Amino acid sequence: MADIHPEHEHIIEQTKASMPSDEVLAKTAEVFKVFGDATRIRILTALSEGEMCVCCLCELLGMSQSAVSHQLSVLKSARLIKNRREGKQIYYSLDDAHVGAILCTGISHVIEG
C-alpha cells in the first residue's frame, strides 16, 4: 500500500465510516447492470410517463410480446418495475420514485454532457 500522509488519515477514516457495506454495494452494482441495456432503458422511459400494459409497450417500442415480456421480467426481478392485474390485463409501472430519479439523472447527464 502507498504511504499515507498523516493529514489524510482522517479523510480515509471518515470515508470508511460512511461507505455502505460490501453487500449493499454489490446489490447496487447489480441494479446498474440492469440499467446497462438500451431496450430496458426504453421500457423504463416509457413507464416513467405512466402505467402501461404489454401490448402498449410492444406497439410503442416496435417489439414482439415475447421480447418485451422477457425484458419486463428482468426489470421486475431487479425491483425496478411492478405490476398489477386488472381482469386479464397486466399493467406495469416503475417500482418507485427512485427508479425515475435514477433514469432522469442518467438522461440529464448524457444531454448536458
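**Close-up 1. The side chains of E51 and R84 meet in a salt bridge, with N and O 2.8 Å apart.** This is a view into a predicted model. E51 sits in the loop between α3 and β1, while R84 belongs to strand β2, so the pair ties together parts that are 33 residues apart in sequence. And R84 has another partner: a salt bridge also links R84 with E86, where the closest N and O atoms are 2.9 Å apart. Put together, E51, R84 and E86 form a network of salt bridges. How exposed are these residues? E51 counts as partly exposed because its relative accessibility is 38%. R84, with a relative accessible area of 34%, is partly exposed, and E86 is partly exposed too, with 45%. As background, side chains of opposite charge can pair when their charged atoms come close.

**Close-up 2. E23 and K27 pair up in a salt bridge within helix α2.** Here the closest N and O atoms are 3.2 Å apart. Why do these two residues sit about one helical turn from each other? They are 4 residues apart in helix α2, so about one helical turn separates E23 from K27. Both E23 and K27 are exposed. For the whole model, the count comes to 4 salt bridges.

**Close-up 3. Three strands make an open sheet in the order β1-β3-β2, with antiparallel pairing.** Which strands are at the edges? They are β1 (52–53) and β2 (81–86), each pairing on one side only. Helix α3 (residues 38–48) packs on the sheet and touches β1, β2 and β3, its direction making about 95 degrees with that of β3. Look for the antiparallel pairing of β1 with strand β3 (residues 89–94), which runs over 2 bridges. One spot to pick out there is M52, whose bridge partner in β3 is Y92. Background for this view: strands of a sheet pair through backbone hydrogen bonds, either parallel or antiparallel.

**Close-up 4. Strands β2 and β3 run antiparallel and are joined by 6 bridges.** Across this pairing, R85 stands opposite I90 in β3. The hairpin of β2 and β3 has 2 residues between the strands. What phi does G87 take in this hairpin? G87 has a positive phi, near 65 degrees. R84, the residue with salt bridges to E51 and E86, lies in strand β2.

**Close-up 5. The largest nonpolar core has 20 residues.** Which of them touch the most other members? The answer is L44, L47, L57, L72, L75, L80 and I81. As for where the core comes from, α3, α4 (54–61), α5 (65–77), β3 and α6 (97–112) each supply at least two residues. Zoom in on L57 and, leaving aside neighbours within four places in sequence, you'll find it in contact with A46, L47, M52, V68 and L72. M52 shows up again here, as the residue whose bridge partner in β3 is Y92. In soluble globular proteins, nonpolar side chains tend to be buried together.

**Close-up 6. V34 is placed in helix α2 (residues 22–34).** Buried or exposed? V34 is buried, because its relative accessible area is 12%, and the cut-off for buried is under 20%. Not counting residues up to four places away in sequence, V34 touches R40, V74, L75, A78 and L80. Of these contacts, L75 and L80 are among the core residues that touch the most other members. V34 and Q71 are 37 residues apart in sequence, and their C-alpha atoms are 9.6 Å apart in space.

**Close-up 7. A38 lies in helix α3.** Buried or exposed, this one? A38 counts as exposed because its relative accessibility is 59%, and exposed here means over 50%. A38 and I102 are 64 residues apart along the chain, with 15 Å separating their C-alpha atoms. Helix α3, where A38 lies, is the helix that packs on the sheet, and α3 also supplies at least two residues of the largest nonpolar core.

Key. Residues are numbered from 1 along each chain as its sequence is written. This is a predicted model: local features need pLDDT of at least 70, side-chain atom pairs count only at pLDDT 80 or more; totals for chains, interfaces and linings use all residues. Side-chain values use heavy atoms; hydrogens and water are left out. Buried means under 20% relative accessible area, exposed over 50%, partly exposed in between (1.4 Å probe, protein chains only). Contact means heavy atoms within 4.5 Å. Two strands pair if DSSP finds at least two bridges between them. Axes are lines fitted to C-alpha atoms, for helices over the stretch in contact, and angles run from 0 to 180 degrees between N-to-C directions. A nonpolar core is a set of buried Ala, Val, Leu, Ile, Met, Phe, Trp, Tyr and Cys residues joined through side-chain atoms within 4.5 Å.
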